[in-house]
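Biologist: I have this one open for the first time and would like to go through it piece by piece. Can you pull it up as well?

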Amino acid sequence: MVIWNTIRLTTLAGVLATSFAGAQSILHYTETSGFDHQTRVGSLAMFQDIATDLGASVVDDADGNSFNTLAGLQQFDAIIFSNTSGDAILDPLQRTNFEAYIAGGGSVLGIHAASDTYRHSTANGSNTGVWDFYAELLGASVQQAPNHVTGTPLYDLFHEGTHPSTANLPDPWSKEEEYYYWESGYYRAENIAVLMVEETVGPNGLVNSYDAPRPMSWYRDLPDGGRVFYTALGHAASNFTGDALFKAHIRDAMDWILGTQTSLAPAERTATLHIHPVPSNDQVMVDWLAPPTMVYRLRLVNAQGRSMTERNMAGDRCALDLCHLPEGFYTILVAGDGWLGVEKLIIAR
């Protein structure tokens, strides 16, 4: 499993996130006109912490005012729909602005009840959906009745394929959650699943057709350059305040959304990468724990995804010169022969 640097440097990172040129901005949107999960406070705190790790900033929006103008939306590199709900949260102009934002290459991350927001016409009983664009973008609308399993039972989640959002999750991941149903709702076939829940038991005490193993997290690359990631996980407030694995899943999904992941082909195997000291000044030592059978390629990438340094790594340790680089947040990747290691780096002087 990839080991990420989780050392807390709150004051330093906050300063760098503010001053580092090109820092990215995230909109955290939590408005509801349906069921309110009461997770917005914990969700905001979690995303503020994640943004600090990623060298980004977060703007909170509980009433949709950020959608009033397209120019306002265009300041954000990604928009999070965190447990939004209902079909009466954005007015027609705000929805038009959001569609234009997506057409301009904007990206979206949805959590749990984001798929109970603007339900698709095919998932809305006899009613016509208010805004099918949204559900088709996100990739799903939860089934109407029943919506989900009873309570938050413990089931296993299994990785599907390889994606950065699951790099720091066990496989399987045993998690208590309000697992959604999609069968009679809306589910977009083009979604690329990354987490599948095992067969569940329905509210009637039976294993129904909609209880079959099904996606709980997925992604898509959008034709206009943006990205979409959605997870049905995140029902309880404890997800945001005390579940380190949930936070890792969302943090790594956010990292992917913001484009700090490079174009390296996904590796079939992950290897441990250690860097020190942290934070670093003019030099960092890189320790690579993988079979020393070939020359690996090391790449240092800045917060905008631009490769700043590339070199071969012939052994299991090397010193990397940082003198030519400005302060800020970076990612170190080492890859080769199907192995991939990733580590975050802060340069501070």
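Biologist: Which polar atom partners does the side chain of R119 have?

Modeller: Keeping in mind that this is a predicted model, the backbone oxygen of A123 lies 2.6 Å from a polar atom of the R119 side chain, and the side chain of D116 makes a polar contact with that of R119 at 3.0 Å.

Biologist: Where does R119 sit, and is it buried or exposed?

Modeller: R119 is placed in the loop between β4 (108–111) and α5 (132–138), and with a relative accessible area of 11% it is buried, because the cut-off for buried is under 20%.

Biologist: What else does R119 touch, leaving out residues up to four places away in sequence?

Modeller: On that basis R119 touches N124, G129, D132, S141, V142, Q143, Q144 and N147.

Biologist: Switching to charges, how many salt bridges are there?

Modeller: The count comes to twelve salt bridges. Side chains of opposite charge can pair when their charged atoms come close.

Biologist: Which partners does K175 have?

Modeller: K175 forms a salt bridge with E177, where the closest N and O atoms are 3.8 Å apart, and another with D243, where the closest N and O atoms are 3.0 Å apart. The pair of D243 and K175 links distant parts of the chain, 68 residues apart, since D243 is in the loop between α6 (238–242) and α7 (244–257) while K175 is in strand β7 (residues 173–176).

Biologist: Are K175 and E177 buried or exposed?

Modeller: K175 counts as buried at 4% relative accessibility, and E177 is buried as well, with a relative accessible area of 1%.

Biologist: And the salt bridge of E190, what is its partner?

Modeller: The side chain of E190 meets that of R188 in a salt bridge, at 3.1 Å from N to O. E190 is partly exposed at 47% relative accessibility, and R188 is also partly exposed, with a relative accessible area of 26%. Elsewhere, R251, D252, D255 and K344 are joined into one network by salt bridges that share partners.

Biologist: New topic: how many disulfides are there?

Modeller: The count comes to zero disulfides. As for individual cysteines, C318 is buried with a relative accessible area of 8%, whereas C323 counts as partly exposed at 48%.

Biologist: Now the strands. Why is β15 described as largely enclosed?

Modeller: Six of the seven residues of strand β15 (residues 296–302) are buried, so the strand is largely enclosed by the rest of the structure.

Biologist: Which strands does β15 pair with?

Modeller: β15 pairs with strand β16 (residues 307–313) in the antiparallel sense over six bridges, and six bridges also join β15 to strand β18 (residues 328–336), again running antiparallel. To find these pairings on the screen, look for V301 opposite S307 in β16, and for L298 with its bridge partner V334 in β18.

Biologist: Last thing, what is the average pLDDT, and where is it below 50?

Modeller: The protein averages a pLDDT of 87, and 88% of the residues score at least 70. Over residues 1–21 the pLDDT is below 50, although this stretch has 54 contacts in the model beyond near neighbours in sequence. The pLDDT also stays under 50 over residues 261–268, for which the model has 18 contacts beyond four places in sequence. Where pLDDT is low, the predicted coordinates should not be read in detail.

Note on methods: Residues are numbered from 1 along each chain as its sequence is written. This is a predicted model: local features need pLDDT of at least 70, side-chain atom pairs count only at pLDDT 80 or more; totals for chains, interfaces and linings use all residues. Side-chain values use heavy atoms; hydrogens and water are left out. Buried means under 20% relative accessible area, exposed over 50%, partly exposed in between (1.4 Å probe, protein chains only). Helices (H or I, at least four residues) and strands (E, at least two) are DSSP runs, numbered from the N terminus. Two strands pair if DSSP finds at least two bridges between them. A disulfide is a pair of cysteine sulfur atoms within 2.5 Å. pLDDT is the predictor's confidence in each residue, from 0 to 100. Contact means heavy atoms within 4.5 Å. A salt bridge is a side-chain nitrogen of Lys or Arg within 4 Å of a carboxyl oxygen of Asp or Glu. A polar contact is a pair of N or O atoms within 3.5 Å; within protein, one must be able to donate a hydrogen and the other to accept it, and residues adjacent in sequence count only if both atoms are side-chain atoms.
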